[in-house]
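Good morning, colleagues. I would like to take a few minutes to go through one structure with you, and I ask that you keep it in view as I speak.

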Amino acid sequence: MAAEAADPRRAGDLPQLAENLLCRLQENFQALTEKLTLRMEEMGERINDLEKRVADLMTEAGIEENTDEDLRSS
């Protein structure tokens, strides 16, 4: 392994190998970021839907929904 590092041709390849590795890492990071963003948007939509359903159930049950303003004045 030390002989390979001492080989000038191999040492000359290191910057290109490092650049290729960094490019692949950047691509993987970008793909992961996009996937996480999509999942977070989906989760936000589900939470909004759940909040609406809970509010609808509370209305059907005749329970008044407390607003943030009502909670602060208590």
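Let me begin with the salt bridges. In this model, which is a predicted one, the count of salt bridges comes to two.

The pair I take up now joins the side chains of aspartate 49 and arginine 53, with a distance of 3.0 Å from N to O. How far apart are aspartate 49 and arginine 53 in helix H2? They are four residues apart in that helix, and therefore separated by about one helical turn. As to their surroundings, aspartate 49 counts as partly exposed because its relative accessibility is 36%. Arginine 53, with a relative accessible area of 51%, is exposed, the cut-off for that class being over 50%.

The other pair consists of lysine 52 and aspartate 56, whose closest N and O atoms lie 3.0 Å apart. Here too the two residues are four apart in helix H2, so about one helical turn separates lysine 52 from aspartate 56. Is lysine 52 exposed or buried? Lysine 52 counts as exposed, because its relative accessibility is 52%. Its partner, aspartate 56, has a relative accessibility of 35% and so counts as partly exposed.

I turn next to the nonpolar surface. Leu21, Leu22 and Leu25 make a nonpolar surface patch of about 290 Å². Of these, leucine 25 is found in helix H2, which covers residues 8-61. Leucine 25 has a relative accessibility of 48% and therefore counts as partly exposed.

Now for the chain as a whole. Its secondary structure comprises three helices and zero strands, and from the N terminus on the elements run α-α-α. What share of the 74 residues in the protein chain is buried? The buried share is 1%. The accessible surface of the chain is about 7,300 Å², and carbon and sulfur atoms account for 57% of that surface.

Finally, a word on confidence. The mean pLDDT of the protein chain is 84, with 74% of its residues at 70 or more. Which element has the lowest mean pLDDT, and which the highest? The lowest belongs to helix H1, residues 2-6, with a mean of 53, whereas H2 has the highest, at 94. Where pLDDT is low, the predicted coordinates should not be read in detail. Both salt-bridge pairs that I described, aspartate 49 with arginine 53 and lysine 52 with aspartate 56, are in helix H2, the element with the highest mean pLDDT.

Thank you for your attention.

Definitions and conventions
Residues are numbered from 1 along each chain as its sequence is written. This is a predicted model: local features need pLDDT of at least 70, side-chain atom pairs count only at pLDDT 80 or more; totals for chains, interfaces and linings use all residues. Side-chain values use heavy atoms; hydrogens and water are left out. Patches are made of residues with over 30% relative accessible area and no salt bridge: like charges are joined within 9 Å, nonpolar side chains (Val, Leu, Ile, Met, Phe, Trp, Tyr) within 5 Å. Accessible areas come from the Shrake-Rupley method with a 1.4 Å probe; for residues, only the protein chains shown count as cover. A salt bridge is a side-chain nitrogen of Lys or Arg within 4 Å of a carboxyl oxygen of Asp or Glu. Buried means under 20% relative accessible area, exposed over 50%, partly exposed in between (1.4 Å probe, protein chains only). pLDDT is the predictor's confidence in each residue, from 0 to 100.
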